[in-house]
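Visitor: I would like to learn how to read a structure feature by feature. Could we go through one together?
Guide: Yes, let us put it on the screen.

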Amino acid sequence: MVAKAVGKYFRISPRKARPVADLVRGKNVEEAMTILKFTNKKAAVMIAKVLKSAMANAEENHGVKDISKLYIKEIRIDGGPTWKRYMPRAYGRATLIRKRTSHITIVLAE
């Protein structure tokens with residue numbers, strides 16, 4: 001049994017979200033939720049949201065009765081589209097500002 005959830009277009013760069021994903025990779029879902037709850041990073045809230053969705057998918061779509069047996073088989077942070085903005089600079093120039101987004105994929109298994 002494999003349950004999957006994908007969160008798209010989260011407004012955080014993949015480089016900042018990947019260290020938080022490394023904290024919970026391979027962990028039991030209850031342990032992962034506890035770790036994310038006490039991690040003081042913006043990415044922790046976003047990853048927890050996708051993890052809750054994956055747990056709900058396992059319960060609804062695959063008929064899992066005991067969620068505590070699930071663990072995080074795979075967690076991926078992929079880059080989404082980059083928003084391009086411009087900041088005015090000296091002498092009438094402009095500098096490109098890249099606002100990066102992320103796609104978060106979580107796969108749970110028993």
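Visitor: In which strand is Y9 found?
Guide: Keep in mind that this is a predicted model. Y9 is found in strand β1, which covers residues 2-10.

Visitor: Is Y9 buried or exposed?
Guide: Exposed means a relative accessible area over 50%, and buried means under 20%. Y9 has 52%, so Y9 is exposed.

Visitor: What should I look for in the backbone of Y9?
Guide: Look at the sign of phi. Most residues other than glycine have a negative phi. Y9 is not a glycine, and its phi is positive, near 60°.

Visitor: What is the phi of Y91, and where is Y91 placed?
Guide: Phi of Y91 is also a positive value near 60°, again in a residue other than glycine. Y91 sits in the loop between β3 (83-88) and β4. With a relative accessible area of 78%, Y91 is exposed.

Visitor: Now a loop residue on the other side of β4. Where does T101 lie?
Guide: T101 lies in the loop between β4 (94-99) and β5 (102-109).

Visitor: Is T101 buried or exposed?
Guide: Buried means under 20% relative accessible area. T101 has 1%, so T101 is buried.

Visitor: Which residues are in contact with T101, leaving aside its neighbours within four places in sequence?
Guide: A contact list shows what surrounds a residue. For T101 there are Y9, F10, R11, I12 and P14, and also D78, G79, G80, P81 and W83. Y9, the residue with positive phi, is thus one of the contacts of T101.

Visitor: How many residues apart along the chain are T101 and S13, and what separates their C-alpha atoms?
Guide: Compare the separation in sequence with the separation in space. T101 and S13 are 88 residues apart along the chain, while 5.4 Å separates their C-alpha atoms.

Visitor: Let us turn to charges. How many salt bridges does a search of the whole structure find?
Guide: To count a salt bridge, look for a side-chain nitrogen of Lys or Arg within 4 Å of a carboxyl oxygen of Asp or Glu. The search finds three. One joins the side chains of D22 and R25, with 2.4 Å from N to O. D22 is partly exposed at 48% relative accessibility, and R25 is partly exposed at 40%.

Visitor: Which residues are linked in a network of salt bridges?
Guide: A network appears when bridges share a residue. Here E74, R76 and D78 are linked. R76 pairs with E74, the closest N and O atoms being 2.8 Å apart, and R76 also pairs with D78, at 3.3 Å. E74 is partly exposed at 30% relative accessibility, R76 at 35% and D78 at 30%. D78 is also among the contacts of T101.

Visitor: Which residues gather in a patch of positive charge on the surface?
Guide: For a patch, look for like charges that have no salt bridge. The members are R11, K16, K41, K42, R85 and K99.

Visitor: Where is K42 placed, and is K42 buried or exposed?
Guide: K42 belongs to helix α3, residues 42-61. K42 has a relative accessible area of 51%, so K42 is exposed. R11, another member of the patch, is in contact with T101.

Terms used:
Residues are numbered from 1 along each chain as its sequence is written. This is a predicted model: local features need pLDDT of at least 70, side-chain atom pairs count only at pLDDT 80 or more; totals for chains, interfaces and linings use all residues. Side-chain values use heavy atoms; hydrogens and water are left out. Patches are made of residues with over 30% relative accessible area and no salt bridge: like charges are joined within 9 Å, nonpolar side chains (Val, Leu, Ile, Met, Phe, Trp, Tyr) within 5 Å. Accessible areas come from the Shrake-Rupley method with a 1.4 Å probe; for residues, only the protein chains shown count as cover. Lys and Arg count as positive and Asp and Glu as negative; His and the chain ends are not counted. The place of a charge is taken as NZ of Lys, CZ of Arg, CG of Asp or CD of Glu. Helices (H or I, at least four residues) and strands (E, at least two) are DSSP runs, numbered from the N terminus. Buried means under 20% relative accessible area, exposed over 50%, partly exposed in between (1.4 Å probe, protein chains only). Contact means heavy atoms within 4.5 Å.
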